[in-house]
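Here are some short exercises to work through with the model open beside you. Try each task before you read its solution.

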Amino acid sequence: VEETIRSILDGEHSWLVVRARDISRELDERDLLAQATSQLRATLEATADGILVLDCKGTIVNMNRRFAALWSIPEDLLAQAVDAEVFAFMADRFADPDGFRARFEAISALPEEETADLLDLADGRVLEQKTQPHYLEERIIGRVFTYTDLTEQKRSERQLRKQKQEFRSLVEGAPDNIIRYAADCKAVYVNQMMARTAGIKSTDLIGKKPSARNFRFIGDRKRYLEVLRRVIDSGLQEELEVDIVPSSGDILTHHVRFVAERDGDGGITGALAFGRDITERKKAELEQRVAAIAFESQEAIAITDADQVILKANRAFSRITGYSAEEAVAKANRTGYGLSAGIITGDRERGFALAQQIDSGIVHVNDQTFADEPQMPFGGVKDSGFGRFGGQAVVDEFTELRWVTVRSGGHPFPF
């Protein structure tokens with residue numbers, strides 16, 4: 001009970017007026033209000049976001065500690081409780097304070113709208129600002145601002161974009177055929193070299209598994225898919241030789257290396273398949289095996305050019321015909337041509353010594369005569385062509401080294 005006592009004077013008499021009022025219900029409502037206020041404060045402080053609450057006049061009604069921390073607002077400034085100073089401090093956190101003020105005013109002019117902005121602070125941090133009207137029942141009584149620190153998220157996104165660009169630049173310039181697969185064995189990336197080799201658009205393979213009809217250029221799709229699945233399941237690297245049949249109909253042999261891809265935590269996210277055309281190498285290996293078998297034969301075997309000049313001869317040929325290796329070299333040197341020659345022998349040192357005796361621009365020991373590499377000087381001697389091609393040799397062949405000087409002004413000659 002709340003009591004109120006008043007004294008009243010009436011001439012010679014004095015009166016006391018006592019008023020008593022039951023305030024039990026009012027106290028209960030105050031307790032409930034205090035409890036609700038405490039719960040609201042606890043909720044504000046528990047959130048990971050910064051919260052700022054303004055009334056319809058733009059006056060600060062409430063804020064949490066996270067808001068002050070995100071904006072680095074000093075305690076003494078908060079203690080002053082001067083709203084204009086707080087807003088000025090916030091604006092000064094930007095390289096363009098006027099731009100922040102203009103946006104703040106534009107939001108205030110839209111009391112019923114919800115807004116979202118990314119704020120780039122001068123110190124490099126990125127804050128997400130979301131606002132919405134503050135309702136009391138159905139009446140707008142202000143606006144709530146929510147601030148989330150997205151600095152690390154945006155930095156990670158930029159790093160990811162950079163890594164993706166670096167990956168794309170690397171694989172698009174690579175001479176290999178490259179396909180990137182997700183964990184479900186579906187292609188998520190195909191480089192241009194692979195598309196050209198297969199004679200198909202890269203977009204026709206995206207989202208498809210090697211078992212799909214679009215991958216029909218792979219000779220043994222079943223085996224290819226089995227190896228791919230094993231790599232994704234185990235994380236171990238595997239290799240495979242597979243026939244590639246492009247739209248041209250040619251059969252190519254590719255060496256494919258499968259490598260598992262992992263995320264930052266080491267989990268397998270898919271696999272990369274690197275393919276390289278080894279068709280010519282396989283043909284050369286086959287020819288070399290055939291030649292090796294033939295030249296180990298007990299029958300006399302010699303290989304000549306169109307002018308019947310001996311290019312290669314086995315031991316049986318020397319034994320049966322009486323021609324020694326040196327005599328075979330001399331016979332080969334009697335021709336007017338000298339582009340390329342080959343020597344098949346089990347003694348590599350002996351073969352190298354004979355190679356230096358043959359008048360030919362190119363000599364291959366234990367290899368076919370048409371073997372060539374683009375960086376090597378290709379050319380013959382005698383009547384076999386003119387000059388050298390390949391690598392630095394072609395530059396030297398078609399250029400001359402000269403010395404040219406230019407002097408500004410006259411030269412002080414002694415006469």
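The exercises below go from the inside of the protein to its surface.

This is a predicted model, in which local features need pLDDT of at least 70 and side-chain atom pairs count only at pLDDT 80 or more, while totals for chains, interfaces and linings use all residues. Residues are numbered from 1 along each chain as its sequence is written, and side-chain values use heavy atoms, with hydrogens and water left out.

**Exercise 1.** Find which element gives the largest share of the largest nonpolar core.

Solution. Start with the term: a nonpolar core is a set of buried (under 20% relative accessible area, 1.4 Å probe, protein chains only) Ala, Val, Leu, Ile, Met, Phe, Trp, Tyr and Cys residues joined through side-chain atoms within 4.5 Å. The largest one has 27 residues, and among the members touching the most others are Phe215, Tyr224 and Phe258. Next, list the elements that give two or more residues, including helix H8 (221-234) and strand E11 (252-262); helices (H or I, at least four residues) and strands (E, at least two) are DSSP runs, numbered from the N terminus. The largest share, six residues, comes from H8.

**Exercise 2.** Name residues that Phe215 contacts beyond its neighbours within four places in sequence.

Solution. Look for heavy atoms within 4.5 Å, which is what contact means here. Among the partners of Phe215 you will find Ile179, Tyr181, Leu205 and Arg221.

**Exercise 3.** Decide whether Glu105 is buried or exposed.

Solution. First locate Glu105 in helix H5 (residues 97-108). Its relative accessibility is 57%, and exposed means over 50%, so Glu105 counts as exposed.
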